[in-house]
Structures are given as C-alpha cells and as structure tokens.
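Thank you all for coming. I would like to walk through one model this morning, beginning with how far it can be trusted and then moving to its helices, its cores and its main pocket.

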Amino acid sequence: MLSQVYRSGFQPFHQRLLPWVQSTALSRSHRVQPSTIRHVRSWSNIPFITVPLSRAHGKSFAHRSELKHAKRIVVKLGSAVVTRGDECGLALGRLASIVEQVSVLQNQGREMMLVTSGAVAFGKQRLRHEILLSQSVRQALHSGQNQLKEMAIPVLEARACAAAGQSGLMALYEAMFTQYSICAAQILVTNLDFHDEQKRRNLNGTLHELLRMNIVPIVNTNDAVVPPAEPNSDLQGVISVKDNDSLAARLAVEMKTDLLIVLSDVEGLFDSPPGSDDAKLIDIFYPGDQQSVTFGTKSRVGMGGMEAKVKAALWALQGGTSVVIANGTHPKVSGHVITDIVEGKKVGTFFSEVKPAGPTVEQQGEMARSGGRMLATLEPEQRAEIIHHLADLLTDQRDEILLANKKDMEEAEGRLAAPLLKRLSLSTSKLNSLAIGLRQIAASSQDSVGRVLRRTRIAKNLELEQVTVPIGVLLVIFESRPDCLPQVAALAIASGNGLLLKGGKEATHSNRILHLLAQEALSIHGVKEAIQLVNTREEVEDLCRLDKMIDLIIPRGSSQLVRDIQKAAKGIPVMGHSEGICHMYVDSEASVDKVTRLVRDSKCEYPAACNALETLLIHRDLLRTPLFDQIIDMLRVEQVKIHAGPKFASYLTFSPSEVKSLRTEYGDLELCIEVVDSVQEAIDHIHKYGSSHTDVIVTENEKTAEFFLQHVDSACVFWNASTRFSDGYRFGLGAEVGISTSRIHARGPVGLEGLLTTKWLLRGQDHVVSDFSEHGSLKYLHENLPVPQRNTN
C-alpha cells in the first residue's frame, strides 16, 4: 500500500493517504451517524454535545464499573501500538480503529485527548524512502540496475526521523478524525513546558480552550529537539517528562482528567515478565504492590518499558486520575479496547487506591479449586455429614434466614415484577422442603465420587478402570432465587466440586446468610473455602472469561440471562436452557376428568417457573365440546389471559388477542392456545416452536401416547402428567442445579450425576507398548471385568 503511495509523485503525503483513510473509516460498521448525536450546538461549524458526565475531580475511581462516568480521558498510544511490526511505518488499520473509538467517545460528550508516539517511525519510513530514491538514481547512472539490491541503508538518527515524521503523522490523524466530523490539533511539548510556570499555564490554557471547542488535542514530546532523558531526574512530588508514559501521566494530572488509558503491546501488568512460566495478569494493581512484581525488558520500540508505565500510572493515580494499562495491538480486541475500558469491562490492569475488603474473584476461584480438591478426597460419609449439617442449619436458623429475606423483599418491592418477587420469597415451608431435599442428596452421595463404571483387563497384570470424578470448579449464576444457593451447594458438596456462586443483588441479604451457613457446614471437615460467594462488583461477562479457573457455567434465571451468558462464555461450557416453552397436547381421546386438573396445575400452580405450561395444543375435534368449554371456564376463573394461535383464531368469530409469536415464554398467567389436526401435527408444532424442555400428551390411547413419547425430541416428555414434574426434587434427585436442554453430558433436570465426569486409571507392571507389537511378547486381551455393585442404601 505504502509503496504505491510513494510512487504517486510529489503530491503531499497526507493527501495521498486521504482516499485510504476515507475508505477505511466509511467501511467501518460502528461509525457514529449524525442522527445519534444529541443536544448539538455549533461553534465555528464544530459540533458540540452536552451530556451530563462530569464529576468532582480529586479522587480516582475505586471500581471499574465507575469508569463509565469518566468525562475527561487521556489515551496514550505507545510506539508498539502505532508502529508496524517492522518498526518502519505506521500500523494504519490499527490506528484507524483507535481513532474511531476515540471519536465515538468524543461524540458521546466526553473530552478526549491523545498522547501519541509514531513520529520517529513515520519519519524513518519517509527518510529511508528518500535515501533509497537518491541512491537508486546515482547507482542507475554509474553502476546499472544490478547494484540496487546491494544498497545499504544507513542508521538514521531519531531526532531527524521525528522532525521528518511529525507533519505526516499529524496530517494522517487529521484526515482520520475528519471522517467523524471531529477536528484535531497538535501540541508538541518538552519537559521545560511543565517546569516553567508561565509555559505550564499557557499549555493548560491552550488545552482547556481546545476541549471547550470540542477539538481533540494530540500531544507528543517534541522528539526533534528533546534532550536524552536523565536518570532519576524526577523532582520531589513531580514526575519528569522522559517519555510518552510520563508525559501522559503529567498531562492527565495537569488537566485533572478522570481516566488515563495506556495502550501497549501487552495485555497489562503481570506478576512476572509476560511469557514466563506462571506469569499471571494482574487485574487490579494497588499502590505498594510493586515489590510483588518482577519487571522484564522494555517493549521492542519506544523509550519506556512496563516499569516506566507503572511508575507513571501510580503518579497519575496519586494525582486523582484512574489508570488502565491494556493491549492495543491484539487484533481480536484492539477494535474495541478503549470503549470496553470506558464501559467498565475487565480489560488490562486497573490501578486503584481502594483495596477490596475480601479476596478478588480470581483468588476466590483458586480457593474454590483448592477446596474442591480437598472436598473430593473426603470419605463419602464425611461429605454426607456436611450436607446433613447444612440441612439442619436451614431449620435451626430459620428465623435469621427469614429476617434477611424480609429485608430483600422490602427493598425489591416496587422494583421487581410479581413473578420475580415470588421467586425471591422464602418461607418456612420452602426451608423445610429444602432441608428434605438436601437429606435426599446426602443419601444419594454415598457412592458418587470414585464409583467404578467400567473395568477392563488389557493384558495380563494390566487393568484399566473408568471412575467418576468431579468436574472441577462450577460457576452458578442465579437471579431472584435464594433457595437455589443451598440446593446447588449441597450438590457441589456431594459431587466434590468447587463452587463459585453469583447471585442477584436483589437477594443480597438472603444469599449472604445462606452462604455463611454453607461454609459453617463445610467447616466441620476443614473445607470451608470450597464454596465461594462472589460479592465484588464483578460483571457476569467478566466472570465468563475466567476460562482458566472455571470448568462449567450453570445459569439459573431468565432466558435473557442464559442467552447473555452463552454469548459471553468463550471457552467455558454452559449447561442450561435459554427458554422453557412447554407444551401440552390434548388428544381427541383425552379424559374429561384429567384435562382441567393437568392444565390448571401446569399453568397456574407456579406460572413463573421454567417448567410451567406456555402453549396448549388442542385436537380440532374437541372444539365446541363440553371438554373445551371446561378448559376455557377454568382458565377464566384462574384469570389466565389467553392468546389465540393463527388456526385457533380462524375458528372463532370473536377471538382473544392473536398471539404475536408461537415461540413465547410468558412466565405469568398467560397462555397460548392453538389447534392441531393430529398427534403428528402436534409433534411438528412442538419441534418448530418449542425449546426442547418439557412437553406433555393427555390421552387415554396408549398407542398414541407411546408414539408421542418416542417421537418428541425434548429433555422431558410426559403422558398424563403435569409439566411441573420436570424438577430434580420431584424426580428424586434431591435437588437440581438446573434443567439442561443440551444434547451432551446431561439433559433434563441436572442433579448429582450431571456434575460428575470420569477419568481412567491404568494399573500395570512395567508394561510398554512395544511388547504388544507384531513381534512382541504380549497380546491384548481386552476382557470385561465385573464392576463393584453400587451402594444403594
């Protein structure tokens, strides 16, 4: 691309780049359209946007989630971000993406400033071209074209490169920002501009005036004249401008900015040099943690390394500016790294002065892993004893639990819909049912972990076993369901899994006391840390990225929650269902006495549950019969709102409101009714509009029922039974972590068995594979051996 640009003659460089910039910017899908700009007023044809983002400066943000309130932001682009891998020339595509993100934030009403490197690399590219051009002319005159390949390019002095590159770099920025109707202005500074009081005031005034006019200042050290940095030249309490890291920090504090984003070629700050064994990315860095970090060498280009960035970041933090160091070069994230940081997503290393009271979620994940492994080594009787103790605590501490739940209910009143309030509520009967379910889990856990599934004699004295083992660390995310916590905790204990729990904030008080009771029960055998409740401001999307700590995610909540988690979880399996669209087909040979009972229980007993009836399919022959009238009368008495399917509506003169979609989970006293002509049409409807959760047939014809049971492809298929039986407790599993509609590992209500996987144990005596070759001394036997019987007591 650039070689073509250079061959285009003597046209100014930035003009030659303009068509490329325009095509790049216009092709990007997230370009801010004029229609998205609100409250626009003009100043010399420059758009102004007024959005209430300001805050009182003086203290940095304590949490990532607060970064979305940042009004004034400095983005520092390191040399490794701006330049190409060959260190000669600019990474144009990456730069265009950064300009787009800065423009989006600017057009939201924020005040953006750039501190950029790249002048040296840009100038090096131009000077090399000029040298090659002049050498090629001389050699073409004297030596012929054969000598061109042997031309050597001299080492170029950095100041000369900077002088040659500054104008071109700025022209490129101007061309890019113009595509978003934003004006940019260049400011070149040296250390003296900050130490001389008059110059400092002039600089401050200029920057404030540019920001007031909605112009993006682009700041850089004047590398054409700047002297070499002197070591340890910092004045007391003031950072010396030695490189663009220190410049960005000094500028951020001088301008009282809310956020400084430092982009480099590494993901953030690691506890040891990136790439070394056991190097871990530090999510949040606190002042005083420097001794726990080993710094490596500086980046491949530029003046400063990570140590310089940390020093600059801590100085800015002390001055009241929040700081994030992140990777601006990774192709998968560079297109949205800046906007992700401002949205509060877990990107890079966040510098904070406020240490959390408890452990970080990463530390909790490690504790759950370690505690889960210890839990798995306990005897089955010991795990059962923990669960029994938890069941006793649920009844013994009933008053304290209900008091905490009352606080949650009072705080949620008026904020949550009625179905969610019902899920949030705990009662004495619910706690008693929970205790009974936990004792069932304890009884079934006696022979879960370590159970032998298969034994094979591979050869003489070489025996193979397949045994059950825990999955590892589970992350269970649940909404408005505090009763979920002890259920899931008991299943994790029984299966020997570590557990991370993330509950909804609407159940904070209930979840806190239930988690304390779970840890109290675990303490009797010294495995208290196996179950962790995430109380930090961790976003669900960030938790789903902890693929090195979490082995399985189980969402319990709305279909939207499940879909969001399935989308966010990259590299971690998700067990669950996004929707519970349950059907009941009333056959032409259905019993009058059974139908109304089954429909009432399936729809009205608990309409917010995922196993509640959502669509009632009725055989056409039943229309205008006493049975049909009884169903409608019962639904009217129960105050169920009816939505008519297209075929059902066509049979009625005055029909209820026609359904907007046949694929709807109402979660309330609403029901879709549709007409079908046969059991096969009912099955086809279920496969087209259902969610593979739970589907029921009501009929007295056994042949028809068996046809339905065998042909409906759902996790749970029932005959003459309520959809509400689709539940781990009612199945005798004691409890469930959720209902899975996936087709691998576990399906339907997932209890203890669904939280186990297997491993293979091979016991031999100096066996090697070469002994089983064609001329070896041993032969494979592959004999099946008897498996020890399960303890069913």
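Before anything else, a word on pLDDT, which is the predictor's confidence in each residue, on a scale from 0 to 100. What you have in front of you is a predicted model, and across the protein the mean pLDDT is 83, with 83% of the residues reaching 70 or more. There are weaker stretches, however: over residues 1-18 the pLDDT stays under 50, although the model has 24 contacts beyond four places in sequence for them. Residues 299-303 also have pLDDT below 50, and that stretch has 17 contacts in the model beyond near neighbours in sequence. Where pLDDT is low, the predicted coordinates should not be read in detail, and I will leave those contacts there.

Let me turn to helix H12, which runs over residues 361-377. At 1.5 Å a residue, its 17 residues should span 24 Å, and because the C-alpha atoms at its two ends are 24 Å apart, the model agrees with that expectation. Among the buried residues of H12 are Val361, Glu362, Met367, Ala368 and Leu375.

Leu375 takes us into the largest nonpolar core, which has 51 residues; Leu375, Ile386, Ile387, Ile401, Leu499 and Leu501 are the ones that touch the most other members. Helix H17, residues 484-495, supplies the largest share of this core, with 9 residues. Setting aside neighbours within four places in sequence, the contacts of Leu375 include Ile386, Ala492, Ile493, Leu522 and Val527. There is also a second, separate core of 41 residues, and Leu95, Val102, Met170 and Ala326 are included in it.

Now for the largest pocket, whose volume is about 2100 Å³. Of the 45 residues lining this pocket, Leu281, Lys346, Glu362, Arg545 and Leu546 are the closest to its centre. Which element gives the most to the lining of the largest pocket? The answer is H12, with 5 residues, while strand S9 (322-327) and helix H20 (559-568) are among the elements that give two or more.

I will finish with Leu627, which lies in helix H22, residues 626-637. With a relative accessible area of 5%, Leu627 falls under the 20% limit and therefore counts as buried. Not counting residues up to four places away in sequence, Leu627 touches Val586, Val592, Val595 and Leu622, and its C-alpha atom is separated by 9.2 Å from that of Ala590, 37 residues apart along the chain.

Technical notes
Residues are numbered from 1 along each chain as its sequence is written. This is a predicted model: local features need pLDDT of at least 70, side-chain atom pairs count only at pLDDT 80 or more; totals for chains, interfaces and linings use all residues. Side-chain values use heavy atoms; hydrogens and water are left out. Helices (H or I, at least four residues) and strands (E, at least two) are DSSP runs, numbered from the N terminus. The expected span of a helix is 1.5 Å times one less than its number of residues. Buried means under 20% relative accessible area, exposed over 50%, partly exposed in between (1.4 Å probe, protein chains only). A nonpolar core is a set of buried Ala, Val, Leu, Ile, Met, Phe, Trp, Tyr and Cys residues joined through side-chain atoms within 4.5 Å. Contact means heavy atoms within 4.5 Å. On a 1 Å grid over the protein atoms alone, a cavity is a set of points where a 1.4 Å probe fits but cannot get out, and a pocket is an open set with protein on both sides within 12 Å along at least five of seven lines; lining residues have an atom within 4 Å of a point. Grid points are joined across faces, edges and corners, and a volume is the space filled by probe spheres set on the points.
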